[in-house]
Every structure is written in C-alpha cells, then in structure tokens.
Amino acid sequence: MRIKDLLKGTLSEEELRYVPSSFDIIGSREKAVAIVEVPTELEHRKNEIAKAIMKIHKNVKTVLAKKSARKGPYRIRELELVLGDPNTEVLHKEHGYLLKLDPRKVYFSPREATERQRVAKQVKPGEFIMLMFAGVGPYAFAILKWQPLVEKIVAIEINPYAFYYLLENIKLNKAEDKIVPILGDVRYKAQDFYNICDRVIMPLPKGAYLFLEEAFSCLKPEGGIIHVYHWAPEDDLFSEIEGIILKEAKRLGYRVHLLNRRKVLPYAPRIMKVCVEFKAWKN
Ligand SMILES: C[S@@+](CC[C@H](N)C(=O)[O-])C[C@H]1O[C@@H](n2cnc3c(N)ncnc32)[C@H](O)[C@@H]1O
C-alpha cells in the first residue's frame, strides 16, 4: 500500500496531490529511519504523513523531515524529528556489508548503493586504494566485499562523527587489516600516500576537483585510475569537469586517458551528479 492510499479520507483531495511518493529508508528490519521531503503545502500534515509511513513500514521507528539542502564541509542537512524515537542511530545493510550511522550527524545516501557496486567491481587484486571523503566508509566496504584481495584502502574523512562510525564499521565488517582510517582534511592527510596508489576515489561532487593535485600525486608514477564526482547541468554533463582534469594534468605533468563517464543520479532540478574515470601517468 502507498502512503497516499492510506491517507485517503484523512487528507483532502487537494492535499493528497502533494503527498510524497518516495522517501529514503535507512536501517534494518528491526530499526530504521525514514527521511522524507514534506512539501510546504503539507507542512500542517507532516504528522499524519509520518504515521502513515510508520504504519506501512513497521521497521521505521523515526520519521525525519528534510529542512535544508546538504550544506557545509560535512555535506549534511538539517533534519526535523517529526515522529518517533529521537535516537536515530541505525544499522544499515547494503550488498552484504553493515553500516552503522546516524543520518542526523553524517552523510549517507542509500540511493548510491548501485554506484558503489559499479566502482567496486573494477578493483583488481593487490590494488592500493586512496578513498578520499570516505564518510562512514560505504565505498571501502563495497570494494572489500567484491575484492577481498585488495592490498589496502586508505579512507580519509574530516567529520569526526563520520570518522567514529567509520571505525565502528571497520570493526563490524572485520576489516581492520585492510582499511586504514584517517581523520582529517584530504588536503593535508593525503600527502603521506603520495606515489603509492593504484586508484583514487573522490566521492565529493561539491568540489572534488579542487583536490585533483592530491589525487594525481597519490598515484604510482607508472600510473593509476582516478574516479572523480562532479555536479553538472543536464544539457552539458562532462565538459566542465573534463576541461578541469585536462588542465590540471597538464599543469602537473601527467598524461590522461578517459576510461568512462556517466550520469550517477539527479542532484537538483536539471543538475546531475556525474562520475568521470580516467587513467593518469607521469609524463
Ligand atoms: C558526499 S559525502 C560522501 C561520503 C561517503 N563517501 C559516501 O559515499 O557515503 C563527502 C564526505 O567528505 C567529507 N569531506 C568533505 N571535505 C573533506 C576534506 N577536505 N577532507 C576529508 N573529508 C572531507 C564530508 O565530511 C563527507 O563525509
């Protein structure tokens, strides 16, 4: 049953038109949190909407409403507690690995699970990987699930809450011997891993390009692969980021070869999140 159907009789015909048809659920069968965007037209009905969500999804113990866009360096949004348990820490299962997290304190999007799988499947045995902007670690665990023979994954994260959950998740997924967690700014922390990485993953669409120098420098001199995320207008998805990559490569003395470019998910009206993957090696 859809929440719209459940609300028939409670909401007017006019109000029903605005009922959101999709929302994110993060968590497990025992305890999950729903994150919903309540349109301004239904602000006075958010409690009824939350009750309907909890009635249909029995595992949802808390309903949170989006109150802002993602913002700041930690890329989190304001979320209002509409109904339920104020303790919003959950254990989310995704493609065979566990992620403990609190969506009110860290970035996490269950919608990106498929994208993580796509990247993880490319990793070869023995690779040394730099995961910039690691969050609670979903890319690292996706990679480990697909490629347990990876050499190491260095995971750098600046938000102390996300870093706390990254450490928890390393324990939960028994990944102590493979993941090297580092708290801090990629700008300074990546330097310890210059010239030794086979692959660099940059999942920060807002501004990953500003760290391309660090990404190039992490690669082994004989070369490696960089995955960079970016936001782009729907009608011109790749020119800006590819132009930046070429310019940075030239400035830093690298050659590049484009491997793949793709749309990931819509970010905002007419704005897409895209991923560009390329090989780079020293001139
Ligand atoms: C878009 S989120 C992605 C998180 C994670 N990779 C995921 O897919 O769930 C970007 C993350 O980068 C972190 N971050 C932003 N700027 C950073 C920096 N300069 N150094 C390290 N981490 C940073 C944020 O705190 C946030 O957790």
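Biologist: Which are the buried residues of α4?
Modeller: In this predicted model, they are A113, E115, R116, Q117, R118, V119 and A120. Helix α4 covers residues 113-120, and seven of its eight residues are buried.

Biologist: What makes "mostly covered" a suitable description of helix α4?
Modeller: A residue is called buried when its relative accessible area is under 20%. Seven of the eight residues of α4 are buried, which is the basis for calling the helix mostly covered.

Biologist: Happy with that. Why is D24 called buried?
Modeller: Its relative accessible area is 14%, and the limit is under 20%, so D24 counts as buried. D24 is placed in strand β1, residues 24-27.

Biologist: Which residues does D24 touch, not counting residues up to four places away in sequence?
Modeller: With those neighbours left out, D24 touches V33, A34, I35, P110 and R111.

Biologist: What makes the meeting of R111 and D24 a salt bridge?
Modeller: The rule asks for a side-chain nitrogen of Lys or Arg within 4 Å of a carboxyl oxygen of Asp or Glu. The N to O distance between the side chains of R111 and D24 is 2.7 Å, so the pair qualifies.

Biologist: How do you know that D24 and R111 are joined by a polar contact too?
Modeller: The side chains of D24 and R111 are joined at 2.7 Å. The cut-off for a pair of N or O atoms is within 3.5 Å, so the distance satisfies that part of the rule.

Biologist: Let's move to the domains. Where do domain 1 and domain 2 run in the chain?
Modeller: The domain assignment gives 3-88 for domain 1 and 106-282 for domain 2. Their C-alpha centres lie 31 Å apart.

Biologist: How many residues of domain 1 and domain 2 are in contact?
Modeller: Eight residues of domain 1 are in contact with 13 residues of domain 2. About 970 Å² is buried between the two domains, 58% of it on carbon and sulfur atoms. R70, Y74 and R75 supply 54% of the area that domain 1 buries against domain 2, more than any other three residues.

Biologist: How many salt bridges are counted between domain 1 and domain 2?
Modeller: The count is one salt bridge. The rule also finds one residue pair in polar contact across this interface. On the side of domain 1 that touches domain 2, five residues are nonpolar, none is polar and three are charged.

Biologist: Which residues are linked in a network of salt bridges?
Modeller: E43, K46, K67 and E80 are linked in one. Within it, the side chains of E43 and K46 meet at 2.6 Å, N to O, while K67 and E80 have their closest N and O atoms 3.3 Å apart. The cut-off is 4 Å, so the K67 and E80 pair counts as a salt bridge.

Biologist: Why is K67 with E80 said to tie parts together?
Modeller: K67 lies in the loop between β3 and β4 (79-84) and E80 in strand β4, so the pair ties together parts that are 13 residues apart in sequence.

Biologist: What makes K46 buried, and what makes E43 partly exposed?
Modeller: K46 has a relative accessible area of 16%, under the 20% limit, so K46 is buried. E43 is at 31%, between 20% and 50%, so E43 is partly exposed.

Biologist: Why does R17 count as exposed?
Modeller: R17 is at 57% relative accessibility, and exposed means over 50%, so the label fits. R17 meets E14 in a salt bridge of 2.8 Å, N to O. E14 is at 43%, so E14 counts as partly exposed.

Biologist: Now for the backbone. What stands out about phi of H95?
Modeller: Phi of H95 is near 45 degrees, a positive value in a residue other than glycine. H95 is in the loop between β5 (90-94) and β6 (97-101). R270 also has a positive phi, near 65 degrees, and lies in the loop between β12 (254-268) and β13 (271-282).

Biologist: Why is R270 called exposed, and H95 partly exposed?
Modeller: R270 has a relative accessible area of 61%, over the 50% limit, so R270 is exposed. H95 has 47%, between the two limits, so H95 is partly exposed.

Definitions and conventions: Residues are numbered from 1 along each chain as its sequence is written. This is a predicted model: local features need pLDDT of at least 70, side-chain atom pairs count only at pLDDT 80 or more; totals for chains, interfaces and linings use all residues. Side-chain values use heavy atoms; hydrogens and water are left out. Domain bounds come from an automatic or database domain assignment. Contact means heavy atoms within 4.5 Å. Buried area is the accessible area (1.4 Å probe) that two parts lose on being put together, summed over both. A polar contact is a pair of N or O atoms within 3.5 Å; within protein, one must be able to donate a hydrogen and the other to accept it, and residues adjacent in sequence count only if both atoms are side-chain atoms. Ala, Val, Leu, Ile, Met, Phe, Trp, Tyr, Cys and Pro count as nonpolar, Asp, Glu, Lys and Arg as charged, and the others, Gly among them, as polar. Helices (H or I, at least four residues) and strands (E, at least two) are DSSP runs, numbered from the N terminus. Buried means under 20% relative accessible area, exposed over 50%, partly exposed in between (1.4 Å probe, protein chains only).
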